[in-house]
Amino acid sequence: MSKYYDSEEFCLFLGDCREVISNFDTKVDFVFADPPYFLSNNGLTVQNGKIVSVNKGNWDKLNDLSRDKFNYSWLEKVRTVMNKGATIWISSTFHNVFSIYNSLKELNFRVLNVITWEKKNPPPNFTKKFFTHSSELIIWARKEEKSTHIFNYEQMKQLNDGKQMKDVWKLPAIAPWEKVNGKHPTQKPLSVLCRTILASTSNDSICLDPFTGSSTTGIAAYLFDRKFIGIDSEKEYLDISIKRKNEVDIKGKNTIIKKVYGLDKYNSK
């Protein structure tokens with residue numbers, strides 16, 4: 001399968017990740033996945049003070065597979081290209097976290113942590129019938145039950161005022177400047193992805209995102225000189241990914257790093 005975009009350290013594929021990965025000849029050390037939550041059900045939410053539809057696109061609608069079968073199928077494929085000590089981070093909410101957790105256990109992954117990302121500026125609950133949704137869950141798991149994995153403990157302490165970092169991360173939702181090259185409806189902020197990259201990769205790590213969207217994972221990996229492979233079924237979002245990567249090349253990696261929330265104490269040494 002041909003590459004949609006390829007430069008040193010940054011590579012993109014257009015297609016279903018399960019099909020693309022079947023043709024891989026590369027092993028990876030780190031995976032971040034933000035799979036469809038399948039929440040496009042004609043409901044409503046609040047965005048920028050306005051009531052809008054929750055529908056994000058056909059890719060967020062369940063079709064031929066159930067949620068459980070879908071999660072098992074892509075995780076099974078991703079596992080085949082992970083090195084022995086590789087780890088995977090999977091973004092979720094209560095809608096799909098149990099499905100993902102069960103698939104991980106069935107495939108013999110070792111769950112290391114479940115991070116709660118507490119958003120500093122969540123959208124309000126306009127129905128006033130339940131608590132405001134203000135967090136997402138990120139499962140961190142290792143490919144093998146018994147193996148070593150990368151955890152940059154001292155780097156995490158450095159970012160947390162010299163204290164052990166907890167499994168609750170209080171970070172803002174995406175900043176407006178991160179969407180200047182185009183918008184993805186479920187785009188994650190660089191503050192989250194940079195932290196996962198710094199926590200669990202080394203300088204020679206190869207990073208994969210099977211649902212790359214506008215490639216926040218790729219930008220985070222690129223900022224810290226890791227190699228990146230991204231896959232998405234939507235050409236529109238891969239084009240945004242390329243624009244974001246070009247922005248880093250024009251402005252410089254250090255300039256972008258300084259803008260990312262929570263990296264004011266980052267030290268590459």
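How many disulfides does a search of the whole structure find? The count is zero. Keep in mind, as you look through these views, that this is a predicted model.

**View 1. The cysteines C11 and C17, both in a structure with zero disulfides.** A disulfide is a covalent bond between the sulfur atoms of two cysteines. Here, a search of the whole structure turns up none. C11 has 7% relative accessibility, so it counts as buried, the cut-off being under 20%. C17 comes in at 4%, so C17 counts as buried too.

**View 2. The largest cavity, with a volume of about 70 Å³.** Searching the whole structure gives two cavities of 30 Å³ or more, and this close-up shows the largest of them. Its lining is made up of W177, E178, V180, N181, L190, I219, R244, E247, V248 and I256. Sorted by class, that's six nonpolar residues, three charged and one polar.

**View 3. Helix α7 at the lining of the largest cavity.** Which helix gives the largest share of this lining? That would be α7, which covers residues 235-251 and supplies three residues. Look for R244, E247 and V248, which are among the lining residues.

**View 4. The second largest cavity, holding about 30 Å³ of space.** Around this one you'll find L159, L171, S191, R195, Y261, G262 and L263. The lining of the second largest cavity splits into four nonpolar residues, two polar and one charged.

Terms used. Residues are numbered from 1 along each chain as its sequence is written. This is a predicted model: local features need pLDDT of at least 70, side-chain atom pairs count only at pLDDT 80 or more; totals for chains, interfaces and linings use all residues. Side-chain values use heavy atoms; hydrogens and water are left out. On a 1 Å grid over the protein atoms alone, a cavity is a set of points where a 1.4 Å probe fits but cannot get out, and a pocket is an open set with protein on both sides within 12 Å along at least five of seven lines; lining residues have an atom within 4 Å of a point. Grid points are joined across faces, edges and corners, and a volume is the space filled by probe spheres set on the points. Helices (H or I, at least four residues) and strands (E, at least two) are DSSP runs, numbered from the N terminus. Ala, Val, Leu, Ile, Met, Phe, Trp, Tyr, Cys and Pro count as nonpolar, Asp, Glu, Lys and Arg as charged, and the others, Gly among them, as polar. A disulfide is a pair of cysteine sulfur atoms within 2.5 Å. Buried means under 20% relative accessible area, exposed over 50%, partly exposed in between (1.4 Å probe, protein chains only).
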